[in-house]
Amino acid sequence: MNFEIDEQQRDFAASIDAALGAADMPAAIRAWAAGDTAPGRKVWAQLAELGVTALIVPEKFDGIEAHPVDLVVAAERLGRWCVPGPVTESIAVAPILLVDDERSAALASGELIATVAMPPQVPRAVDADTAGVILVATDGKASDGAAGEQLESVDPTRKLFEVSASGGGQAADVARAYEFGVLATAAQLVGAGQALLDMSVEYAKQRSQFGNVIGSYQAIKHKLADVHIALELARPLVYGAALAVADQSPETARDVSAAKVAASDAALLAARSALQTHGAIGFTQEHDMSLWLLRVQALRSAWGDPGLHRRRLLEAL
């Protein structure tokens, strides 16, 4: 099967890269972690202008109602740039839960940022203190929720909150929304892993050891090649899962879980290799790479950790 994206999708990815590349993303990420969401919201406003926030929203609410492959294209780029905020929850999941809700129009325009808890797989909501709407989805219903206690998170840009539902809620395709959440998270992991690989390659051209740049050593070349291969093997699984989601295939759970496992493993390998390539500087909070390292750790467990998805795979097989 040919999983190559078309020219329009490549242009879409390039437009996201251009917008986020012109922004000071590390500064926006650090500000978000410190509680100042203004720079991050400017980034979200740019994404809204590009149509990213409207991708999954129905056309009747001024959305694009795009194919899940388009969501993967965007989510991978957002992972590449480590965009702060509830990306998966607001862009991929909330539009499914609010498919007949007029608030979807605000999601599409970027005026509203949503976060979602979906117990038991997703027991807590990300950034519930700053999101415009909190959704709690379970047992085929989606309810508005309220933020409770804030919990410690491995990634300070992804603040986790206990949430409680209010009211009886409205009927929603919670199962399908969950698959969208896993899919978008897997795509972000591929993007984050690619960013770490790119950082490692560039640093390997600069760092010297024993009189030579470390990128000239075969061991380093092989290590970075292993990361490249892992990412290239994960990417088709993510796109394949997008096709399964679009077709509502009976194998959707299998394909989405396979994508999440492969993306998690590839991103973790990229993170480990980045630390080894950079050496001690990679462990410092001052180095921008630390932002991507923490994001990978957080996303690996988000929307089901690799263990959960391996169990789903085993059950499906």
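## Packing of α7 with α8 and α9

In this predicted model, α7 and helix α8, which covers residues 218-247, pack at an angle of about 160°, and their axes are 10 Å apart. Because angles over 145 degrees count as roughly antiparallel, α7 is described as roughly antiparallel to α8. The crossing in which α7 passes α8 is left-handed, and the contact of α7 with α8, sorted by residue class, has 17 nonpolar, 4 polar and 3 charged residues.

Helix α7, made up of residues 174-204, also packs with helix α9, residues 252-278, at an angle of about 20° and with the axes 8 Å apart. Angles under 35 degrees count as roughly parallel, and α7 and α9 are therefore roughly parallel to each other. For this pair, too, the crossing is left-handed, while the contact of α7 with α9 has, by class, 17 nonpolar, 8 polar and 2 charged residues.

## The open sheet

An open sheet is formed by 5 strands in the order β1-β3-β4-β5-β2, and the pairing within this sheet is mixed. The edge positions are held by β1 (114-117) and β2 (125-126), each of which has a single partner strand, so one side of each is left without a neighbour in the sheet. Strands of a sheet pair through backbone hydrogen bonds, in either a parallel or an antiparallel manner.

The parallel part of the mixed pattern is seen where β1 is joined by 4 bridges to strand β3, residues 133-138. The antiparallel part includes the pairing of β3 with β4, which is made through 4 bridges, and that of β4 with β5, where 8 bridges join the two antiparallel strands. A path of partners can be followed across these strands, beginning with V116, whose bridge partner in β3 is L135. L135 in turn has D144 of β4 as its bridge partner, and D144 stands opposite S166 in β5.

## Helix α5 across the sheet

Helix α5, residues 87-97, lies across β1, β2, β3, β4 (141-151) and β5 (160-171), and runs at about 70° to β1. With respect to the sheet order β1-β3-β4-β5-β2, the strands crossed by α5 thus include the edge strands β1 and β2.

## The annotated N-terminal region

An unreviewed UniProt entry lists residues 7-92 as "domain: Acyl-CoA dehydrogenase/oxidase N-terminal". In the model, the chain over residues 7-92 is 66% helix and 0% strand, and the C-alpha atoms at the two ends of this stretch are 23 Å apart.

## Backbone exceptions in loops and a hairpin

Most residues other than glycine have a negative phi, and most peptide bonds are trans. Against this background, the peptide bond from P119 to P120 is cis, with omega near 10°, and P120 is found in the loop between β1 and β2.

Positive phi values are taken by E65 and D139, among others that may not be treated here. E65, although it is not a glycine, has a positive phi of about 50°, and its place is in the loop between α3 (38-50) and α4 (68-80). D139 takes a positive phi near 55° in the hairpin of β3 and β4, a hairpin with 2 residues between the strands.

Definitions and conventions:
Residues numbered from 1 in each chain as written. Predicted model: local features only at pLDDT ≥ 70, side-chain atom pairs only at ≥ 80, totals over all residues. Heavy atoms only, no water. Pairing = 2+ DSSP bridges. Contact = heavy atoms within 4.5 Å. Axes fitted to C-alpha atoms, helices over the stretch in contact; angles between N-to-C directions. UniProt positions renumbered as here; feature names shortened; annotations may be inferred. Parallel < 35°, antiparallel > 145°, perpendicular 65-115°, else oblique. Left-handed = near helix turned anticlockwise from the far one by under 90°. Nonpolar A, V, L, I, M, F, W, Y, C, P; charged D, E, K, R; others polar.
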